[in-house]
Amino acid sequence: MSNKKLLVYWLNNLCTGGTEKNCLLLCKYLRKIQEVNGNYIICLMHLAYNDQSRKQQFIDVLGENKIITTGSLPEAVYILKELNPHFVHMLNAGVAEHPMSKSFRPYFKYAIQTSVFGNTNDQIEPDATIYVSNFNQHLANKFGSKYHVINNPVEAKCSDKNLREKLNIGKDIFVFGHIGRFDASTYCNINLEAYAKIESDKTHFIWLPNNELVRQDVERLKIKNYTLLEKIFDPIELSKFYNTIDVKQRQLWITQERKTKSEKCKIIENKL
């Protein structure tokens with residue numbers, strides 16, 4: 001029998017968001033290290049009823065037998081009890097989300113949490129909390145040996161080519177781009193509103209992924225020079241997308257925890 005310890009990554013869904021991509025890259029490169037001289041077996045555990053868009057990517061990285069799907073909280077408790085992992089590493093919003101709850105805690109030795117937005121889970125104290133930026137750590141106001149900052153990993157580009165010829169966009173056209181997980185609750189059209197005010201024959205907007213709300217907005221704003229792309233998972237095609245745009249417009253949602261209330265603020269960042 002193997003003496004290797006079990007490390008379980010937990011995601012509530014396998015959507016196209018940055019948190020899920022972060023976990024995918026952690027699994028990909030940590031597994032490479034473990035294959036050479038590792039003491040851990042890496043598995044992924046996720047909920048069956050949420051978005052599964054990245055599931056095949058995780059299968060390609062870890063193997064199908066290392067993907068554990070659960071359909072309910074009682075089932076998740078049973079699975080963790082049977083697995084008895086050494087570590088459970090959760091990547092989530094930082095609020096009280098399963099399996100970071102008291103009912104799960106007896107079934108794994110160490111709990112690690114990556115708090116994506118700087119929130120703090122007060123239901124149970126993780127053995128270690130990772131923040132993706134110094135700003136998020138300061139937002140949480142948590143310091144000491146149990147709290148760490150590890151920036152999200154980014155892979156080097158996979159191609160020097162772009163999509164201009166394919167999309168019939170001239171070399172002299174200035175291209176704005178948007179990419180991000182689509183969720184109606186966080187959808188924001190401020191970048192389209194801004195682009196509509198400066199659109200000309202020498203500009204173009206590429207939005208990824210295509211969805212009903214953005215289609216409604218480009219029609220309402222009478223935007224003419226735009227392209228709506230479907231979800232892209234292939235790293236070469238993603239590199240081509242980034243190589244095509246001159247300005248990437250990104251929106252971030254940050255929740256600030258206070259003693260009496262949770263105050264949400266929206267930050268729009270235009271990144272050259």
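Which exposure class does Cys158 fall into at 41% relative accessibility? Select Cys158 in this predicted model: the residue counts as partly exposed.

**The cysteines**

Move next to Cys23, which is buried, with a relative accessibility of 0%. Display its sulfur together with that of Cys27, the closest cysteine sulfur; the two are 4.1 Å apart, which is too far for a bond. Because a disulfide requires the sulfur atoms to lie within 2.5 Å, this pair does not qualify at 4.1 Å. The count of disulfides by this rule is zero.

**Strand E8 and His178**

Select residues 174-179, which form strand E8, and pick out His178 within that strand. The relative accessible area of His178 is 7%, so this residue is buried. Add Phe205 to the selection: 27 residues separate His178 from Phe205 in sequence, while their C-alpha atoms are 8.0 Å apart in space. Then show Trp207 in E9, the residue that stands opposite His178. E8 and E9 run parallel and are joined by six bridges.

**Helix H6**

Follow the chain to helix H6, residues 190-198, where the buried residues are Asn191, Leu192 and Tyr195. Looking down the axis of H6, one finds these buried residues within an arc of 95 degrees, so they line one face of the helix. With the strands on either side included, E8, H6 and E9 make a right-handed β-α-β unit.

**Strand E9**

Now select residues 203-208, strand E9. How many of the six residues of E9 are buried? Six of the six are, so the strand is largely enclosed by the rest of the structure. Colour the two faces separately: Thr203, Phe205 and Trp207 lie on one side, His204, Ile206 and Leu208 on the other, and both sides are covered.

**From E9 to E10 by way of H7**

Extend the view to strand E10, residues 226-228, which runs parallel to E9 and is joined to E9 by three bridges. Return to Trp207, whose bridge partner in E10 is Leu228. Between E9 and E10 the chain passes through helix H7, residues 212-220, in a β-α-β crossover that is right-handed. Trp207 thus appears twice on this route, opposite His178 of the neighbouring strand and as the bridge partner of Leu228.

**A salt-bridge network on H6 and H7**

Side chains of opposite charge can pair when their charged atoms come close. Keep H6 and H7 on display and select Arg220 and Glu193, whose side chains meet in a salt bridge with an N to O distance of 2.9 Å. This pair links distant parts of the chain, with Arg220 in helix H7 and Glu193 in helix H6, 27 residues apart. Arg220 is partly exposed at 44% relative accessibility, and Glu193 is partly exposed with a relative accessible area of 27%.

Add Asp217, whose side chain also forms a salt bridge with Arg220, at 3.0 Å from N to O. Asp217 and Arg220 are three residues apart in helix H7, so about one helical turn separates them. Is Asp217 buried or exposed? Asp217 counts as buried, at 8% relative accessibility. Through shared partners, the salt bridges join Glu193, Asp217 and Arg220 into one network.

**A salt bridge from H1 to a loop**

The whole structure holds eight salt bridges. To see another of them, select Lys28 and Glu155, whose side chains meet at 2.8 Å, N to O. Lys28 belongs to helix H1 (residues 18-37), and Glu155 to the loop between strand E7 (147-149) and helix H5 (164-167); this pair links parts of the chain 127 residues apart. Both partners merit display with a surface: Lys28 is partly exposed at 28% relative accessibility, and Glu155 is partly exposed with a relative accessible area of 27%.

**Last stop: helix H8**

Finish with helix H8, residues 235-244, and colour its buried residues, which are Leu238, Ser239, Lys240, Phe241 and Thr244. Then select Asp234, which caps the N-terminal end of H8. The contact to display runs from a side-chain oxygen of Asp234 to the backbone nitrogen of Ile236, a distance of 3.1 Å.

Definitions and conventions: Residues numbered from 1 in each chain as written. Predicted model: local features only at pLDDT ≥ 70, side-chain atom pairs only at ≥ 80, totals over all residues. Heavy atoms only, no water. Helix = DSSP H or I, 4+ residues; strand = E, 2+ residues; numbered from the N terminus. Buried < 20%, exposed > 50% of the residue type's maximum accessible area, 1.4 Å probe, protein only. Polar contact = N/O pair within 3.5 Å; in protein donor to acceptor, adjacent residues only side chain to side chain. Arc of directions from axis to C-beta. Pairing = 2+ DSSP bridges. Right-handed = clockwise from strand over helix to strand, strands pointing away. Salt bridge = Lys/Arg side-chain N within 4 Å of Asp/Glu carboxyl O.
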